[in-house]
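Here are some notes to read alongside the structure, set out as numbered points. Please keep the 3D view open and find each residue as it is named.

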Amino acid sequence: MADLEILGIPLSNYVRSIRMLCEEKGVAYKLNPVFPHSPEVDAIHPAGQIPCLRHGDVALFESKAIATYIDKAFPGPKFIPEDALGAARCEQWVSYGNGKVDDWIMRQFVVPSIFFNKEKGPDTAKIEAALPEIEKCAAALDKALAATGYLVGDALTYADMNVLPMLATGAMFPACKAVLDQHAHVSAYIAKLTARDSFKNTAPPPRA
Ligand SMILES: N[C@@H](CCC(=O)N[C@@H](CS)C(=O)NCC(=O)O)C(=O)O
């Protein structure tokens, strides 16, 4: 079988989710740590985003599509359910994770907390306004996790791998962690899943 190549810097949460899936399935891959909008990425993703995948003649973009391909094309345990309802629920939580959790934790809270004009300082109004929305995300996840500790059924799926890096990144910031910690199932979920080898083995290298 041709080599599987994942394109994207390891700092990207979406790249990490795909790498976690490979780790959990036991699928060997080569990480090509290219930035968004680099020529290799632009050749695959119309908007220049990471992750992308190359596998023989196959090139793919968008993390959920990449996850579906890896889960179906390679041997190992399945992390996207095959039954209609399980598959739909997995899709549902991936969409919610990408639409809401990523937006409020990463785009509206983490990114403006890290990247800002040094003279103006961070946009604290924007950062603080994200917290009530992060609270809504945490409440929704907490409710979903209450029964089994996983988002779909009673076992780990790609829906969990998709959202975990977002939650774990948010939890590195005290104000966001305080919101997440108010939800016992969410805190237990972060603690349990960040202890997995798939999460530990995909940690981005420390920033210089
Ligand atoms: N919907 C995309 C989102 C990917 C995404 O936002 N990637 C970020 C890095 S984490 C990126 O490439 N950002 C550069 C950009 O949006 O221009 C997916 O699921 O793959």
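1. A good place to begin is isoleucine 50, where a backbone N or O atom lies 2.9 Å from a nitrogen atom of the ligand. Please bear in mind while reading that this is a predicted model, and that the distances and areas in this note are computed from it.

2. Two side chains also come up to the ligand with polar atoms: glutamate 62 places one 2.7 Å from a nitrogen atom of the ligand, whereas serine 63 has one that lies 2.6 Å from an oxygen atom of the ligand. As for how much of the ligand is covered, the ligand taken alone exposes 510 Å², and the protein buries 76% of that area.

3. Which residues surround the ligand? Ile50, Glu62 and Ser63 are among them, and the list is completed by Ser12, Tyr14, Pro36, His37, Gln49, Pro51 and Arg107. Sorted by class, this shell is made up of four nonpolar, four polar and two charged residues.

4. Where does the ligand sit? Its place is in the largest pocket, which you may wish to locate in the 3D view before going on.

5. Turning to the protein as a whole, the chain is divided into domain 1, covering residues 4-73, and domain 2, covering residues 84-200. The centres of domain 1 and domain 2, taken over C-alpha atoms, are separated by 21 Å, and the contact between them takes twelve residues from domain 1 and 17 residues from domain 2.

Technical notes:
Residues are numbered from 1 along each chain as its sequence is written. This is a predicted model: local features need pLDDT of at least 70, side-chain atom pairs count only at pLDDT 80 or more; totals for chains, interfaces and linings use all residues. Side-chain values use heavy atoms; hydrogens and water are left out. A residue is near a molecule or strand if one of its heavy atoms lies within 4 Å of it. A polar contact is a pair of N or O atoms within 3.5 Å; within protein, one must be able to donate a hydrogen and the other to accept it, and residues adjacent in sequence count only if both atoms are side-chain atoms. Accessible areas come from the Shrake-Rupley method with a 1.4 Å probe; for residues, only the protein chains shown count as cover. On a 1 Å grid over the protein atoms alone, a cavity is a set of points where a 1.4 Å probe fits but cannot get out, and a pocket is an open set with protein on both sides within 12 Å along at least five of seven lines; lining residues have an atom within 4 Å of a point. A molecule sits in a cavity or pocket if more than half of its atoms lie within 2 Å of its grid points. Ala, Val, Leu, Ile, Met, Phe, Trp, Tyr, Cys and Pro count as nonpolar, Asp, Glu, Lys and Arg as charged, and the others, Gly among them, as polar. Domain bounds come from an automatic or database domain assignment. Contact means heavy atoms within 4.5 Å.
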